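Me: I would like to learn how to read a structure of this kind. Can we go through it feature by feature?

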Amino acid sequence: MQTTITEQSRELPISGDYDVVVAGGGIAGVAAALAAARAGASVCLLEKACALGGLATIGNIIVYLPLCDGLGHQVSGGICEELLKLSVSDITEPLPNLHIKPIPEAWQKGGNLEERRNVRYRANYNPITFSYKLERLLLKNKVKIFFDSRFCTVIKEQNRIVAVVIENQDGRTALRCQAVVDASGSADVCYQAGEKTVSLSSNVLCGWFYYVENGEVRLCTMTKSLDMNGRRNPAAGRNYRGDRSSEVNDFLLNSRKMMMDTMAQRSQENNSQIYPILAPQMPSFRMIRRLAGRHTLRESDDRRWFEDTLGMTGDWRLSGPVYCLPLSILAGVRNHNLITAGRCISSAGRAWDVTRVIPTCAVSGEAAGAAAAFLALDKLPSFQDLDCRSLQTYLRRRRVIIDRKRLQNI
Ligand SMILES: Cc1cc2nc3c(=O)[nH]c(=O)nc-3n(C[C@H](O)[C@H](O)[C@H](O)COP(=O)(O)OP(=O)(O)OC[C@H]3O[C@@H](n4cnc5c(N)ncnc54)[C@H](O)[C@@H]3O)c2cc1C
């Protein structure tokens, strides 16, 4: 049987020309687009779904994990902190059924180190209002948003991406660009542009969903690896990988079945009336595919300083660790004007578990977006030619924390 077919070559209309194109409108993509626009670049953001925020909004993951090291020191600032505050700007009190929590008092103005050691700098928000606020913020900063638009592939000249090909209601068109930020969550641009990538196949069924039980709205944070009491579930079933269409389909079908079965079981056990009101609108994979960069961040890089550090993050799971996010884990290797942000940057093992979460995606997003704007506006041949010191000075002025002293265990 014939296994391939030749696609006819065709001329593509050019639907835009931007300094920076950001592929993916999750937290990383929003932070990247915002940072690039504020640095003076013309920016276009592509999102295949119809709202901004990615897993953090349309995936119903509403926990903005900490910006601190767990020892009372803030280690992430800039857009990461701005988005945390924005996420709960409409929250006045905790709503336990919805897991909504404002920023702790200790982290408001006037909080002291002693109080901050006992509570981490984080908050839980409403995904629908947060998504809406993100789009208003990008519009205010003159980012051109293309919803319902899928990044398909790149057009290259030597080691540079000169255009990205997209598909939407206008058909297949090309966007010319000086720099590209891959914030797809699955390293789609890296993969298409011929970067070396690494995929994970350890995803377990999950999906956070809202439901009504006896007239009360609640959020269920469902993970099949845990049972209803939060213990490891021996019936967790197989693992999935998110870089294959068949696996994505199986994952979606089985996650939704799990959601419905769980509600039926709970309804029977509690003798209550339950029905779902908001399921995740994208697959809830934790890790899909990432860049294999010049450097790959690892757990052993805890408290290691890099001269090209563009942001910092704590560890949401533990008190103490602090990681620097250097340019060498963000920038493409084979494509001189490609940079990554969010959960597809070059980090591995337990470090990937640290860099994939919402605050850290915002930190890498801001770093990647600002770097992309610098590259485009200064017409640099490659991210290797960036003057990291001036970029660091610029980012510090924007309240990004790049501070060697924060690596000391005080
Ligand atoms: C079950 C679960 C629980 C979690 N719990 C937490 C938690 O409590 N706290 C926390 O901080 N983090 C948590 N995380 C992790 C966190 O939510 C995500 O890793 C983070 O939000 C990823 O942000 P991102 O912008 O890198 O990627 P994404 O959110 O995946 O955004 C990528 C965006 O790109 C779009 N896109 C993808 N491909 C294309 C394409 N080809 N063209 C156009 N658009 C495209 C997608 O639609 C999406 O909007 C959890 C994750 C899961 C799965």
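Me: How far apart do the C-alpha centres of domain 1 and domain 2 lie?

Reply: This is a predicted model. In it, the C-alpha centres of the two domains lie 29 Å apart. Domain 1 is made of two stretches, 14–199 and 289–407, and domain 2 covers 206–278. Eight residues from domain 1 and eleven from domain 2 take part in the contact. On the domain 1 side, two of these residues are nonpolar, five polar and one charged.

Me: What span should helix α1 have, at 1.5 Å a residue?

Reply: The expected span of a helix is 1.5 Å times one less than its number of residues. Helix α1 has twelve residues, 27–38, so it should span 16 Å, and its end C-alpha atoms are indeed 16 Å apart. Just after α1, Gly40 has a positive phi of about 105°.

Me: Why is α1 said to be largely enclosed by the rest of the structure?

Reply: A residue counts as buried if 20 or more other C-beta atoms lie within 10 Å of its own. Eleven of the twelve residues of α1 are buried, so the rest of the structure largely encloses it. Among the buried ones are Ile27, Val30 and Leu34. Their cover includes the strands β1, β2 and β8 and the helices α2, α4 and α8.

Me: Which residues are closest to the ligand?

Reply: They are Gly24, Gly26, Gly54, Gly185 and Gly342, out of 35 that surround the ligand. The elements giving two or more residues to this shell are α1, β6 and α8. Of these, α1 gives the most, with three residues. By class, the shell has 18 nonpolar, ten polar and seven charged residues.

Notes: Residues numbered from 1 in each chain as written. Predicted model: local features only at pLDDT ≥ 70, side-chain atom pairs only at ≥ 80, totals over all residues. Helix = DSSP H or I, 4+ residues; strand = E, 2+ residues; numbered from the N terminus. Contact = placed C-beta atoms within 7 Å. Near = placed C-beta within 6 Å. Nonpolar A, V, L, I, M, F, W, Y, C, P; charged D, E, K, R; others polar. Domains from an automatic or database assignment.
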